[in-house]
Amino acid sequence: MFKSKPKCPYCSAVLTDPPKTKKKCAACGNTVFFKTDPYTNKEYFLSEDDAMQINLLKERYKIEENFFNTFCEYGLTDKLFVKRRQIYIKKHCCPIKKLREGSI
Ligand SMILES: [Zn+2]
């Protein structure tokens, strides 16, 4: 299976020279952002709004990592932490849900 070509999130034009961070789409002139979902490591080409959501998700991820690193000393297990994290993501990251469902 070959990887599908990256598309502009605004106009769906194929991005012949995909951005490494952000870049204007040659077809519509909107800025396309390249982001990695910290939870799944999947890469996306996103509109500014969706890119902001990924940034929020990244901050959340960092806070969680710090929390875990602090509390594993007190017996917080990896298993419990991962489980809680999955519950949280399901409940609170609706804007990113469409990414997970693969509609982008
Ligand atoms: Zn475009």
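What follows is a short dialogue on reading a predicted model of one protein chain.

Colleague: Since the model is predicted, where in the protein chain is confidence lowest, and where is it highest?

Modeller: The protein chain averages a pLDDT of 83, and 83% of the residues score at least 70. Confidence is lowest in helix α3, residues 94–100, with a mean of 60, whereas strand β1, residues 22–24, has the highest, at 96.

Colleague: Which residues make up the largest nonpolar core?

Modeller: In soluble globular proteins, nonpolar side chains tend to be buried together. In this model the largest nonpolar core has 7 residues, namely Val32, Phe33, Phe45, Leu46, Ala51, Ile54 and Leu57. At least two residues of this core come from each of β2 (31–36), β3 (43–46) and α1 (48–71), and α1 gives the most, with 3 residues.

Colleague: If I take one member of that core, Phe33, which residues does Phe33 touch, not counting residues up to four places away in sequence?

Modeller: With those sequence neighbours left out, Phe33 touches Lys22, Leu46, Glu48 and Ala51, and of these Leu46 and Ala51 are listed in the core as well.

Colleague: Turning to the backbone, what is the phi of Ser12 and where is its place?

Modeller: Ser12, although it is not a glycine, has a positive phi of about 65°, and its place is in the segment before β1. Asn41 also has a positive phi of about 65° without being a glycine, and Asn41 lies in the loop between β2 and β3.

Colleague: Is Asn41 buried or exposed?

Modeller: A residue counts as exposed if 12 or fewer other C-beta atoms lie within 10 Å of its own. Asn41 has 7 such atoms within 10 Å, so Asn41 is exposed, and Ser12, with 10 other C-beta atoms within 10 Å, is exposed too.

How values were computed:
Residues are numbered from 1 along each chain as its sequence is written. This is a predicted model: local features need pLDDT of at least 70, side-chain atom pairs count only at pLDDT 80 or more; totals for chains, interfaces and linings use all residues. pLDDT is the predictor's confidence in each residue, from 0 to 100. Helices (H or I, at least four residues) and strands (E, at least two) are DSSP runs, numbered from the N terminus. A nonpolar core is a set of buried Ala, Val, Leu, Ile, Met, Phe, Trp, Tyr and Cys residues joined through C-beta atoms within 7 Å. A residue is buried if 20 or more other C-beta atoms lie within 10 Å of its own, exposed if 12 or fewer, and partly exposed in between; C-beta atoms are placed from the backbone. Two residues are in contact if their C-beta atoms, placed from the backbone, lie within 7 Å.
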